[in-house]
Amino acid sequence: MQYKLSSSDLEVVLALSRAGTLAQAGERLGLDASTVFRTLQRIEKGLGQRLFERSRRGYQPLELAQEMARLAERIEAQMEEARSLAQMRPEQVAGAVRITTTDTILHGMLAPALHLLHQRHPLLAFELHTGNELASLTRRDADIAIRATRKPPPHLVGKQVGPIRVALYAARKSPWQRFNASVAAEATWIAPDDALPDHPSVLWRKKHFPKAIPVFRVNSILSVAELVGLGLGIGLLPLFLADGRTDLLQLTEAIDECQTELWLLTHPESRHLRRVATVFSHLSQALALE
């Protein structure tokens, strides 16, 4: 008799595909690792083929498991939407929305926008993840990603919000009030080389001022801004982060080579969820850059 997959089977395959280990999959499902293992064995025996490649790195989904996980994601999204619709009045939007971005964008742009959004939709909750890496929207680690990039991942859908312009800054109290070759050679540089080696600001400095070696290396652009503001040196910062700060002085015009684009991204299966669509629509307007 042909094995009949159940929705709970798909949930197990999806959880293990996302997590990569039995223990972490069990945490997602509220089960212990041995139960997940036995369920996987039963599914594979019923289907007559393996779904995962076992290795020291964990469980890697094979092609069939990847296809099953994609279908399970659609079912999951539809179930979330159905629950949301059932639990609210027509005018309400509720639920948790997971957003991944950098600390620079969170503090410089996102937080004020979310404050207004929360006032409009008090039943919404927000899970905010900051980091230089892009949390996986495919595995549903996040619903929305806000990133500065020139080329967003092709498997995501989104909107280009506007250009992120960058200029060189010093502390207003520093001895450097304008920028030239002498300042480039003498000033203390602050930069995120190790954390963001391919960042346009890092590439620009290395191209035009290869002898300018940063004395302070930090893991985010926000940290560059804080150290520059304290008078520790000069650094490249986005205009949106520096504007309005009285402790910073802009030394150059916006540098075209350093410009990137701000993108608002989501997964194709998530964009139709009411809570995600509401947040996405609000942010696409609130974060618009001129």
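The following paragraphs lead through the nonpolar cores, one loop residue and the aromatic pairs of this predicted model.

The largest nonpolar core comprises 41 residues, of which Ile99, Ile144, Ile146 and Leu283 touch the most other members. Helix 5, spanning residues 103-120, gives the most to this core, contributing 7 residues. Leu283 may serve as an entry point: beyond its neighbours within four places in sequence, Leu283 is in contact with Ile99, Leu110, Ala113, Leu114, Ile146, Leu264 and Ala288. Another core lies apart from this one; it has 19 residues, including Leu10, Leu40, Tyr59 and Ala72.

Attention may now turn to Leu62, which is found in the loop between strand 2 (58-61) and helix 4 (63-86). Its relative accessible area is 28%, above the 20% under which a residue counts as buried but not over 50%, so Leu62 is partly exposed. Not counting residues up to four places away in sequence, Leu62 touches Arg50, Leu51, Phe52 and Glu53. Glu27 is 35 residues from Leu62 in sequence, and their C-alpha atoms are 22 Å apart in space.

The aromatic rings form 5 pairs. One of them joins Phe179 and Trp189 edge-to-face, with 6.3 Å from centre to centre and 85 degrees between the planes. Phe179 belongs to the loop between strand 7 (166-171) and helix 6 (181-186), while Trp189 belongs to the loop between helix 6 and strand 8 (190-191). Trp189 also pairs with Phe209: the ring centres are 6.1 Å apart and the planes are at 35 degrees, so this pair is tilted. These two partners are 20 residues apart, and both are buried. Ring pairs link Phe179, Trp189, Trp204 and Phe209 into a cluster.

Conventions. Residues are numbered from 1 along each chain as its sequence is written. This is a predicted model: local features need pLDDT of at least 70, side-chain atom pairs count only at pLDDT 80 or more; totals for chains, interfaces and linings use all residues. Side-chain values use heavy atoms; hydrogens and water are left out. A nonpolar core is a set of buried Ala, Val, Leu, Ile, Met, Phe, Trp, Tyr and Cys residues joined through side-chain atoms within 4.5 Å. Buried means under 20% relative accessible area, exposed over 50%, partly exposed in between (1.4 Å probe, protein chains only). Helices (H or I, at least four residues) and strands (E, at least two) are DSSP runs, numbered from the N terminus. Contact means heavy atoms within 4.5 Å. Rings of Phe, Tyr and Trp (its six-membered ring) pair if their centres lie within 6.5 Å; planes under 30 degrees apart count as stacked, over 60 as edge-to-face and the rest as tilted.
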